[in-house]
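Q: Could you take me through one part of this structure slowly? I would like to see how pieces of the chain pack against each other.

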Amino acid sequence: MAGPQSYPRQYVSRVVPSHPTLVLMMIVATSVADSVLLGYDSSLMGSLNVMPTYTSYFTLNTATKSLNTGIAYLGGTVSAVGAGFLTDWRGRREAIFWSCVITLIGAVLMSSATHIAMFIVGRFIIGMGLGVAATATPTYVAETCPPKHRAFALGLYYSCWGVGTMIAAGICYRTQHLSSTWAWRTPALVQVGPSIITALVLLFVPESPRWLVSQDRHAEALEVLAIVNAEGDKDAPLVLLQYREITDTIAWEKGEGGQLKLKQAMTSPLNRKRLIIAISFSAMVMLPGTNIVTYYFGTMLEQAGITDPTTQLEINIILTAWSFIIAVVSSYFADKFGRKLLCCLSLGGQVIAFYLVGGLTAVYGSSTHTSGIYATIAMIFIYNGMYSFGITPLTVLYPPEVLSYKIRATGMGLYTMSTKLCGLFVTMVFPFALDAIGWKTYIINASFDILMILFVIFYWVETKGLTLEEVDERFDGVKHSSVPDLEELKRGKVDLVIDGLEPVTHVPTIRSGKKE
């Protein structure tokens, strides 16, 4: 029996797998490794903040604890300003690589810190690397994954954030009993692992076909689409339809549509709506209350009546495992619910849970009532579960979908910057709020979440099941390509006639006719 046909390659490295499933796994692995690092870093500070060897070594108070935690967001904010330019200039893969180098340098400085300034500088550099990664990686995955797998692939990005948090919580739990500074230096040094893994995975993935087309590397883009979608068959109708759709849309953006700078994009009502949706989503990611749980879980448990550091770390490990399972399952169903419904259900559940956390903390926080304390912890688990159900898979799925190619990298840079600023706000403001008004912080936060739900209902645009070019039609009212929609081709509602395939010098002509 003859084996599968092998197609020649001219541009893509031979180490990139030929089978679409294996290529998809490698593409997803870039986001998984990056997400693990992000989750590890987030959970790391939550665990270190309740570790006696760490707090005594640096002699921390509320202000310095907030600075140590929040400085990474400042680093991410700074790097996000130029991350979009780097991603467009050097390509998606190279931008991801440099993010790995930056975070590795920061992790080495942080783990070898001998004083508070050195630790803060290390955290700042790690934040810079994470800022570049948060711009380049979702952009790369969104542009390179087959449309049918895009929701699951991008949903896994922040779902695997839970893997990083579990690893960090587990390592800190094991090292907390060490009497030396290696109790906190060891988990800090482990951060180099995901950076190295991501850099290695980049050897086995191709560049984004949309970026290649924008650089007039059409033949290479066609080869990438063929490898990702059809085992290298450049004549496959699915490959040619996507290729023509991409080339038509980017040609329109370069010509009639123009390459927009940020100022021009903001003056266009349609592009302004895209940017508003993307940037405002950062508030839904960072401000609904999840970062209070992530960074100041120890303070929440103390207010709920649990003061033992070991018990706090044990609960944190269980919580992160619970959040991870919910996030992975919901990533699979992201395309079945739709973006708007998924977000509204998630935020609605968070509102209810956080109101109950506030009420239970107010009643039982200073008591020894075991049932009340357990009920408070249960509500924290329910809150994190509802966040993981909707917001986690949407975090890097929805923003790159609503941003057109000409503003995608810049828009993701702005989204990353606004996300880091919101994170900085949480880490610098909420510790003082928890100290000053306690349980009322949760009530205020939950009330703010209601406004987010209304924004989603009345302003969001549904992108479920669409290619990135078909999403443009939802905003612009017109599709910038004459080819039929991908879904029509899959359902057999159209016939394709493909003329003159010469990708280097000529864009193939694709004619469609609807079946009766």
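A: Here is a close look at one pair of packed helices, followed by a second pair and a single residue.

Keep in mind that this is a predicted model. Start with helix H6, residues 147-159, and helix H17, residues 309-332. Their axes lie 8 Å apart, and the angle between the two helices is about 165 degrees. Angles over 145 degrees count as roughly antiparallel, so H6 is roughly antiparallel to H17. The two helices make a right-handed crossing. On the H6 side, the contact is formed by Ala151, Phe152, Gly155, Leu156 and Ser159. From H17 come Phe324, Ala327, Val328, Ser331 and Tyr332. Sorted by class, this contact between H6 and H17 holds 7 nonpolar and 3 polar residues, with no charged ones.

Now set a second pair beside it: helix H14, residues 269-286, and helix H20, residues 370-394. Here the axes come within 10 Å and cross at roughly 145 degrees. The crossing of H14 and H20 is left-handed. Phe281, Met284 and Val285 of H14 meet Tyr387, Ile391 and Leu394 of H20. This contact has 6 nonpolar residues, and neither polar nor charged ones.

Finally, zoom in on isoleucine 27, which sits in helix H1, residues 20-48. Isoleucine 27 has a relative accessible area of 0%, so this residue is buried. What surrounds isoleucine 27, leaving aside neighbours within four places in sequence? Isoleucine 27 is in contact with Tyr140, Val141, Thr144, Cys145, Val205 and Val228. Take valine 141: it is 114 residues from isoleucine 27 in sequence, yet their C-alpha atoms are 6.5 Å apart in space.

Key:
Residues numbered from 1 in each chain as written. Predicted model: local features only at pLDDT ≥ 70, side-chain atom pairs only at ≥ 80, totals over all residues. Heavy atoms only, no water. Axes fitted to C-alpha atoms, helices over the stretch in contact; angles between N-to-C directions. Helix = DSSP H or I, 4+ residues; strand = E, 2+ residues; numbered from the N terminus. Parallel < 35°, antiparallel > 145°, perpendicular 65-115°, else oblique. Left-handed = near helix turned anticlockwise from the far one by under 90°. Contact = heavy atoms within 4.5 Å. Nonpolar A, V, L, I, M, F, W, Y, C, P; charged D, E, K, R; others polar. Buried < 20%, exposed > 50% of the residue type's maximum accessible area, 1.4 Å probe, protein only.
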